[in-house]
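Got your viewer open? Load the model, get your selection tool ready, and follow along stop by stop.

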Amino acid sequence: MRIPLSSPDISEQDIEAVAGVLRTSTLSLGPKLLEFERAISGYVGAPEVIAVHSGTSALHLCIRALGISEGDEVIVPSFTFIAVANAVRYERAMPVFVDVDRQTLNLDPSLIEAAITSRTRAIIVVHTFGCPADLSSILHIARRHSLYVIEDACEAMGAEYEGRKVGILGDAGVFAFYPNKQITTGEGGAVVTNNPEVAIRVRKLRNQGRDDCEDWFQHSELGYNYRISDINCALGIEQLKRIETILDRRESIAKRYDRILACEPDLILPPLTVPGRKISWFAYVVRLGDRLSQVHRDWLVNEMRLRGIALGRYFAPIHLQPIYRSGPGKKSVLPVTECQASRALALPFFNRLKDEEIKEVCEELVRLIRSVKLGAL
Ligand SMILES: *Cc1c(COP(=O)(O)O)cnc(C)c1O
């Protein structure tokens, strides 16, 4: 693709830092792991940070460390990345899908209580595309029903809710560092928490269930190898140093898209600001208006691809995926998720996207949409 959907932003300094680790003899469980964890801790304000090799493994360890297991239910959105529901299934618990708010595409707090049963143990709140969810309502519901709250901040590093960084407001939070995220380690993730007991369990589970003691080979529970190498951590440290510049650049790309596309009546643009929240832009996702359908959306993706421009279909609802559709449990009724997902179109979005490229993406997209109006499809 001439203009991809996303692309990592790797500087010469990042490369030097990675090469520096390769010149040492400590490629894993070394000083860069501790330094990366300390840097995340300082940035998001979490007392405990445990870095792991993916956001998915971070989610899994939160579920496990909170004691969620077979027979338990966890409330999750369906309009998100499949790892959110998979992490619940890894522990044989059941994801219960709740619909989202039409504007922010985050969990709709007014629908959560109807989904709570005597088996519900937790809510996973996803800050979709970097826009913080309505945390105060959700935390309030969770407190009233004694539920854990896990914040999936994989798309939202640096976003703020009422002046506080997301990720640290529930019982545990997770971040991810895949190459399409705001900062990357290649592959990577982290659990953040205020709860020292959760932190001890997650740290142990990350490394084969080994107790944190002198005796390397004392195993008190079934753990995993979810470690992240010092090579990846060195990249993360460098990326995190630049996060303010990165978030500013991403915000200015979002504003530029907004300015150019604002007058196109067939596109619903994401809100640039939400009161009380600071958005950390992960993706720029527009939705097609009522005149256009999923058929037009898929046609647009193909036509743009022919012009060398990648568009994304974020997200395919989890409850409609074959492995969830045929599973046990009640059928999910999620009209907002299904409608919005069929009209969602992610535009190219990455730090190094040039202003001319933004202009070209918009011009091509608008031209194609207008051709629909002329009956070209
Ligand atoms: C990216 C992402 C994850 C984690 O992804 P990994 O590829 O495992 O790092 C989890 N949840 C959401 C909502 C994500 O966008």
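Start by colouring the two domains: the C-alpha centres of domain 1 and domain 2 lie 26 Å apart. To select them, use 12-98 + 107-241 for domain 1 and 243-373 for domain 2; these bounds come from an automatic or database domain assignment. Bear in mind that this is a predicted model, where local features need pLDDT of at least 70 and side-chain atom pairs count only at pLDDT 80 or more, while totals for chains, interfaces and linings use all residues. Residues are numbered from 1 along each chain as its sequence is written, and side-chain values use heavy atoms, with hydrogens and water left out.

**Stop 1: where the domains meet**

How many residues does each domain bring to the contact? Domain 1 gives 35 residues and domain 2 gives 29, with contact meaning heavy atoms within 4.5 Å. About 2700 Å² is buried between domain 1 and domain 2, and carbon and sulfur atoms give 65% of that. Buried area here is the accessible area (1.4 Å probe) that two parts lose on being put together, summed over both. Now show Phe79, Phe129 and Gln182 as sticks: they supply 26% of the area that domain 1 buries against domain 2, more than any other three residues.

Stay on Phe129 for a moment. Phe129 isn't a glycine, yet it has a positive phi of about 55°. You'll find Phe129 in the loop between β4 (120-126) and α5 (135-144). Helices (H or I, at least four residues) and strands (E, at least two) are DSSP runs, numbered from the N terminus.

**Stop 2: α2 and α7**

Select residues 31-44 for helix α2 and 230-241 for helix α7; their axes come within 8 Å and cross at roughly 30°. The axes are lines fitted to C-alpha atoms, for helices over the stretch in contact, and angles run from 0 to 180 degrees between N-to-C directions. α2 passes α7 in a left-handed crossing: the near helix is turned anticlockwise from the far one by less than a right angle, whereas clockwise would make it right-handed. Among the residues in contact are Phe36 and Ile40 of α2, plus Cys233 and Ile237 of α7. By class, this contact of α2 with α7 has 10 nonpolar, 1 polar and 3 charged residues. Here Ala, Val, Leu, Ile, Met, Phe, Trp, Tyr, Cys and Pro count as nonpolar, Asp, Glu, Lys and Arg as charged, and the others, Gly among them, as polar.

**Stop 3: α3 and its neighbours**

Next, pick residues 55-65 (α3) and 196-206 (α6), which pack at an angle of about 125° with axes 9 Å apart. α3 and α6 are therefore oblique to each other; angles under 35 degrees count as roughly parallel, over 145 as roughly antiparallel, 65 to 115 as roughly perpendicular and the rest as oblique.

Keep α3 and add α4, residues 83-90: this pair packs at about 40°, again with axes 9 Å apart. Their crossing is right-handed. Which residues meet here? Thr56, Leu59, His60 and Ile63 in α3 meet Ala83, Val84, Ala87, Val88 and Tyr90 in α4.

**Stop 4: a cis bond**

Finally, zoom in on the peptide bond from Tyr314 to Phe315, which is cis, with omega near -15°. Phe315 sits in the loop between α9 (294-306) and α10 (322-325).
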